[in-house]
Amino acid sequence: MRIGLTGGGTSVDAIVHQARQAERDGFTSLWYASEVAGDPLVAMAIAGRETTSIELGTAVLQTYPCHPLLQANRASSVVAAMGRPGLTFGIGPSHEPLVRGVYGMSYDHPGRSTEEYVRILAGLLHGQDVDVDGADWTVHSAGRMTRPAHPVPVLVSALGPRLLRVAGEVADGTVLWMAPARAVGSHVAPRIHAAAAAAGRPEPRIVAGLPLAVHDDEAEARSAAARYATAYSGMPNYARILEIGGVSSPVEAAIVGDEKAVRAALQALLDAGATDIWAAVFPVGRDRQERVASTRRTTDLLRELTTG
């Protein structure tokens with residue numbers, strides 16, 4: 001299995017240490033949220049320089065606060081600092097409470113805005129001069145783009161039909177969060193594969209991210225999951241994909257159980273069409289010792305699965 005972990009740490013040194021360890025353990029990727037270390041790209045650039053092969057991806061960078069030309073040049077800077085391939089840009093429009101409530105920006109047309117953004121960003125990263133006067137984004141890039149020294153795949157945080165089409169038609173695939181296996185198989189995979197085929201594009205990646213813990217007591221594990229998943233409960237985008245997936249809440253979507261149950265749940269995601277697993281490991285336990293042991297047990301299984 002291609003299994004990645006959530007990337008992060010309390011300092012840049014901790015982030016580098018995690019990346020080195022994950023690479024030694026055979027994990028294929030690390031996925032960093034937009035708030036990691038203030039700006040994840042700085043820490044990712046350093047971690048990429050200190051590793052040799054592990055993929056470092058954003059999951060996800062928000063489109064609205066950063067112009068696509070600036071975003072593309074940021075990608076080039078990270079690749080130059082890493083000195084190797086392995087950077088992947090997961091991007092998405094984020095959510096209205098953040099974009100409108102925190103940044104004070106319009107969130108009236110997230111689908112249209114993101115489609116324009118992805119088309120511009122993908123063109124720039126492929127070395128094209130881009131001249132666009134769009135409804136939401138304008139760019140005239142001639143002489144203002146530094147082409148990355150290595151390819152930078154773009155994955156779209158796509159849960160609805162429009163962005164799934166864009167993810168297959170223009171980008172390299174999608175990075176999902178809170179999409180259960182049923183949603184991947186019935187909703188995500190058919191749409192993104194059809195879009196890629198119609199555009200003559202390669203088969204797209206589907207990176208499926210879910211909270212995960214190996215634990216014998218499912219009720220206790222789901223109670224622990226609630227502490228990490230409640231932030232997503234009221235967001236309409238997640239509510240829709242959870243409903244399509246046949247579950248009622250992020251807590252119910254979490255993958256929990258003993259080794260056999262977790263292995264089966266991960267295989268179900270792959271059978272549904274996921275190409276990669278993003279395992280957001282969370283600890284279970286009443287004290288620090290139990291939580292550390294829980295995390296180790298979960299990581300041990302994932303390491304076994306990813307190394308075969």
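Reader: How many residues does helix α5 have, and what does α5 reach from its first C-alpha to its last?

Author: In this predicted model, helix α5 covers residues 110–125, which is 16 residues. From first C-alpha to last, α5 reaches 22 Å, close to the 22 Å expected at 1.5 Å a residue. Just after α5, G127 adopts a positive phi of about 85°.

Reader: Is α5 largely enclosed or exposed?

Author: Burial is judged by relative accessible area, with buried meaning under 20%. In α5, 13 of the 16 residues are buried, so the helix is largely enclosed by the rest of the structure.

Reader: Where is G143 found, and is G143 buried or exposed?

Author: G143 lies in the loop between β7 (138–140) and β8 (154–156). Exposed means over 50% relative accessibility; G143 counts as exposed because its value is 82%. The C-alpha atom of G143 is separated by 8.2 Å from that of D129, 14 residues apart along the chain.

Reader: How does one read a pocket, and what volume does the second largest pocket have?

Author: Rolling a probe the size of a water molecule over the atoms shows where empty space is left. Here, the second largest pocket has a volume of about 190 Å³. Among its 15 lining residues, P180, A181, L210, A253 and I255 are the closest to its centre.

Reader: Which elements supply the lining of the second largest pocket, and which classes of residue does that lining have?

Author: At least two lining residues come from each of α7 (181–198), α10 (250–253), β11 (255–257) and α11 (259–272). The largest share, three residues, is that of α11. By class, the lining has 11 nonpolar, one polar and three charged residues.

Methods. Residues numbered from 1 in each chain as written. Predicted model: local features only at pLDDT ≥ 70, side-chain atom pairs only at ≥ 80, totals over all residues. Heavy atoms only, no water. Helix = DSSP H or I, 4+ residues; strand = E, 2+ residues; numbered from the N terminus. Buried < 20%, exposed > 50% of the residue type's maximum accessible area, 1.4 Å probe, protein only. Expected span 1.5 Å × (residues − 1). 1 Å grid on protein atoms, 1.4 Å probe; cavity = no way out; pocket = protein on both sides within 12 Å on 5 of 7 lines; lining within 4 Å. Points joined across faces, edges and corners; volume = space filled by probe spheres on them. Nonpolar A, V, L, I, M, F, W, Y, C, P; charged D, E, K, R; others polar.
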